[in-house]
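This report describes helix packing, strand pairing and buried residues in one chain. The sequence and the model are shown first.

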Amino acid sequence: MTAQQLHNEAFVLDSHCDTPSRILEGRNMSVRNRDGHVDFPRMKEGGVDASFFAIYTSNFLENDECTRKAFQMIASVYDAIDDNYGEVALAKTVNDARNLKAKGVSAVFLGMENGAPFQRDLRLLRLFYRLGIRYVTLTHAGNNEICDSCAAVEKKWGGVSPFGREVISEMNRLGMIVDVSHISDDSFYDVLKYSRAPVVATHSCCRALANHPRNMTDRMIKDLAAVGGVIQINFYPAFLNDSYAEKFWPLCDAFDAAETDFKKNPGDSAVRSSYEKAKKEMEALKRPSYKVIIDHVEHAVNIAGPEHVGLGSDFDGIETCPEGLEDISRMEMLTEEMFSRGFSEHDIKLILGENFLRVFSEVENLAIK
Ligand SMILES: [Zn+2]
């Protein structure tokens, strides 16, 4: 079998992209866009059978603003899917996704990144489940009501909060996957203690290869695997390679500040030109090759086994992509790289999607109907 045949035959799943934020900003998902990383034509071109679209809200928003934004984002994703009837469909179960692949229809799953939109109200969590949300990344770049973030200098709870324990148990009961990306190391260990079902890191890399708190230590990866979970490797160059990251972060901070200014004053030509300059400088930095993603995959496979590793791009949420993997249409490059490194066909299929689907099925089966 060639790498291409294998890629077509396998169930290819991307467990995290931030595309709903782009849809809300007005991206037309029905056409092939020049910018950004994901739209439906490029998803098809990349042979991606299912993508988790993350309903992301910032930790800086007020509660009601978070909730409203989450509903608006879900509604926009529904509209984009409706506009592509027959080509794309919303999936809520593993069976849905497999049936859609058999019909050649792309599956969109919904995840939620940061549990802030359901506030401190489990009824809202249940409502989001009904709307199709199938995983929740417990928090993002700040501590919230559920748990501490890896990004917060000062932690609030020392792990998962008492309300967070209720959230995890309700998610287990409903059949929602707990996502441990973005949470603090202490929160991670609390999640392993409290969750009845296996959990997933939907977009995280290996800290042994790139020393960032968003990445997981070897110990964490082994412990995640021991409960049956999966680490889905993130494509963000700054999480993949330390020497790139060192030069990238200051450029990225400058870009973020210029972008914020530009969004506030889109008509100001001086603001526009400093935004364009910051963007150019950030993009001029030489990016690591996409092959580094497979270095992380290989490392995780070596310590945890091929049954516990997958792919979670973070497309449309990252400012830069690895060289050679500029958007979702290029996903097959990863299959080729694993193939040329001598991964077995069986293991490649596990990594491309079967591992994630296995955990998802277990979570579905452990739900209390
Ligand atoms: Zn994220």
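In this predicted model, helix α13 and helix α14 cross in the right-handed sense. Helix α13 covers residues 291-304 and helix α14 covers residues 332-340; their axes lie 10 Å apart at an angle of about 55°. Angles between 35 and 65 degrees count as oblique, and α13 and α14 are therefore oblique to each other. On the α13 side the contact is made by K291, I293 and I294, and on the α14 side by L334, E337 and M338.

Helix α13 also packs against helix α9, which spans residues 218-226. The angle in this pair is about 60° and the axes are 9 Å apart, which makes α9 oblique to α13. The crossing of α9 and α13 is right-handed. Helix α9 contributes D218, I221, K222 and A225 to the contact, and α13 contributes A300, I303 and A304.

I293, one of the α13 residues in the contact with α14, is also listed among the core residues. The largest nonpolar core has 104 residues, and the members that touch the most others are I55, I177, V178, I231 and I293. Helix α15, residues 345-366, gives the most to this core, with eight residues. Another core lies apart from it and has five residues, including F255, Y275, A278 and M282. Leaving aside residues up to four places away in sequence, I293 touches I233, F235, L240, P322 and L334. L334 belongs to α14 and takes part in the contact between α13 and α14.

The strands are considered next. The table lists three pairings.

| Strand pair | Sense | Bridges | Bridge partners |
|---|---|---|---|
| β1 (residues 13-17) and β2 (residues 50-56) | parallel | three bridges | D14 and S51 |
| β2 (residues 50-56) and β4 (residues 106-113) | parallel | seven bridges | F53 and L110 |
| β3 (residues 88-90) and β4 (residues 106-113) | parallel | three bridges | L90 and V108 |

Strand β2 is thus bridged to β1 and to β4, while β4 is also paired with β3.

How many residues of strand β4 are buried? Eight of its eight residues are, so β4 is largely enclosed by the rest of the structure. Both faces of β4 are covered. One side carries S106, V108, L110 and M112, the other A107, F109, G111 and E113, and all of these are buried. On the first of these sides, L110 is the bridge partner of F53 and V108 that of L90. Strand β1 is mostly covered as well, with five of its five residues buried.

E113, a buried residue of β4, is one of the residues that H140 touches. H140 sits in the loop between β5 (133-137) and α7 (162-174). Is H140 buried or exposed? The cut-off for a buried residue is 20 or more other C-beta atoms within 10 Å; H140 has 22 C-beta neighbours inside 10 Å and therefore counts as buried. Not counting residues up to four places away in sequence, H140 touches S58, N59, E113, N114, S149 and H182. L24 lies 116 residues from H140 along the chain, and the C-alpha atoms of H140 and L24 are separated by 19 Å.

Notes
Residues are numbered from 1 along each chain as its sequence is written. This is a predicted model: local features need pLDDT of at least 70, side-chain atom pairs count only at pLDDT 80 or more; totals for chains, interfaces and linings use all residues. A nonpolar core is a set of buried Ala, Val, Leu, Ile, Met, Phe, Trp, Tyr and Cys residues joined through C-beta atoms within 7 Å. A residue is buried if 20 or more other C-beta atoms lie within 10 Å of its own, exposed if 12 or fewer, and partly exposed in between; C-beta atoms are placed from the backbone. Helices (H or I, at least four residues) and strands (E, at least two) are DSSP runs, numbered from the N terminus. Two residues are in contact if their C-beta atoms, placed from the backbone, lie within 7 Å. Two strands pair if DSSP finds at least two bridges between them. Axes are lines fitted to C-alpha atoms, for helices over the stretch in contact, and angles run from 0 to 180 degrees between N-to-C directions. Angles under 35 degrees count as roughly parallel, over 145 as roughly antiparallel, 65 to 115 as roughly perpendicular and the rest as oblique. A crossing is left-handed if the near helix is turned anticlockwise from the far one by less than a right angle, and right-handed if clockwise.
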